[in-house]
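Here are a few exercises to work through at your own pace, each followed by a stepwise solution. Have your viewer ready and try each task before reading on.

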Amino acid sequence: GQVLENVPDFLPLVSKNRVIVSEYPRGKATEFAPYFDSSSLPDRESPEGSVPVISVGRMGTLTKDDRPADDAFAAMIDASEEIIRMSLQDIGPITLPGVKVPLPSLGWIDLYLNALARAIWLRGVDVEIVLSNEHARRGYSNGW
């Protein structure tokens, strides 16, 4: 996993699969994660001032044409009524080193931007975005 985890998702690989598996603690994990059981959660009220969070990760191209996380992002943005707060590693496409020019065949994700535009323009939703600084993780940042 140490090599493949540093290869950008858009690069083709010789192998058909790109799976990185981690196990902690070693020798304790089963082959598959257990099913989520909500009855194991404590029954408590949310503290005053708390903010609900939905965490969705975009894991590159899981299937050839479908990226389910993209649909989840757009659906959440389209369901917004008052405010959207986003904390992101980056917002733009991968660029040529040192310039703001996207690599060939890459570009801004219209699905997200159109959903944000609808939220702002049609529903008056406020949008707040916090981005990591440039080169925040071993050079991973597109600088947008």
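**Exercise 1.** Find the residue with which Glu-128 forms a salt bridge, and place both partners in the chain.

*Solution.* This is a predicted model, so let us start from the coordinates it offers.
- Step 1: Glu-128 pairs with Arg-85, and their closest N and O atoms are 3.1 Å apart.
- Step 2: A salt bridge requires that nitrogen and carboxyl oxygen lie within 4 Å, so the pair qualifies.
- Step 3: Glu-128 sits in strand β2 (residues 126-131) and Arg-85 in strand β1 (residues 83-88); at 43 residues apart, they link distant parts of the chain.
- Step 4: Glu-128 has 39% relative accessibility and counts as partly exposed, whereas Arg-85, with a relative accessible area of 56%, is exposed. The labels differ because exposed means over 50%.

**Exercise 2.** How many salt bridges does the structure hold, and which elements does the pair Arg-118 and Asp-78 link?

*Solution.*
- Step 1: The structure holds two salt bridges.
- Step 2: In one of them, the side chains of Arg-118 and Asp-78 meet with an N to O distance of 2.9 Å.
- Step 3: Arg-118 belongs to helix α2 (residues 110-123) and Asp-78 to helix α1 (residues 68-78), so this pair, 40 residues apart, also joins distant parts of the chain.
- Step 4: Arg-118 is partly exposed at 32% relative accessibility, and Asp-78 is partly exposed with a relative accessible area of 32%.

**Exercise 3.** Is Ser-80 buried or exposed, and what does Ser-80 touch?

*Solution.*
- Step 1: Look for Ser-80 in the loop between α1 and β1.
- Step 2: Its relative accessibility is 9%. Buried means under 20%, so Ser-80 counts as buried.
- Step 3: A polar atom of the Ser-80 side chain lies 2.6 Å from the backbone oxygen of Ile-77.
- Step 4: Leaving aside residues up to four places away in sequence, Ser-80 touches Ala-119, Arg-123 and Val-125.

**Exercise 4.** Which residues make the nonpolar surface patch, and where is Ile-91?

*Solution.*
- Step 1: The patch is made by Ile-91, Trp-108, Leu-113, Ile-129 and Leu-131, and covers about 370 Å².
- Step 2: Ile-91 is found in the loop between β1 and α2.
- Step 3: Ile-91 counts as partly exposed, at 32% relative accessibility. Patch residues need over 30%, so Ile-91 passes that cut-off.

Technical notes: Residues numbered from 1 in each chain as written. Predicted model: local features only at pLDDT ≥ 70, side-chain atom pairs only at ≥ 80, totals over all residues. Heavy atoms only, no water. Helix = DSSP H or I, 4+ residues; strand = E, 2+ residues; numbered from the N terminus. Buried < 20%, exposed > 50% of the residue type's maximum accessible area, 1.4 Å probe, protein only. Polar contact = N/O pair within 3.5 Å; in protein donor to acceptor, adjacent residues only side chain to side chain. Contact = heavy atoms within 4.5 Å. Patch = residues over 30% accessible without salt bridge, like charges linked within 9 Å, V, L, I, M, F, W, Y side chains within 5 Å. Areas by Shrake-Rupley, 256 points an atom, 1.4 Å probe, with all protein chains shown as cover.
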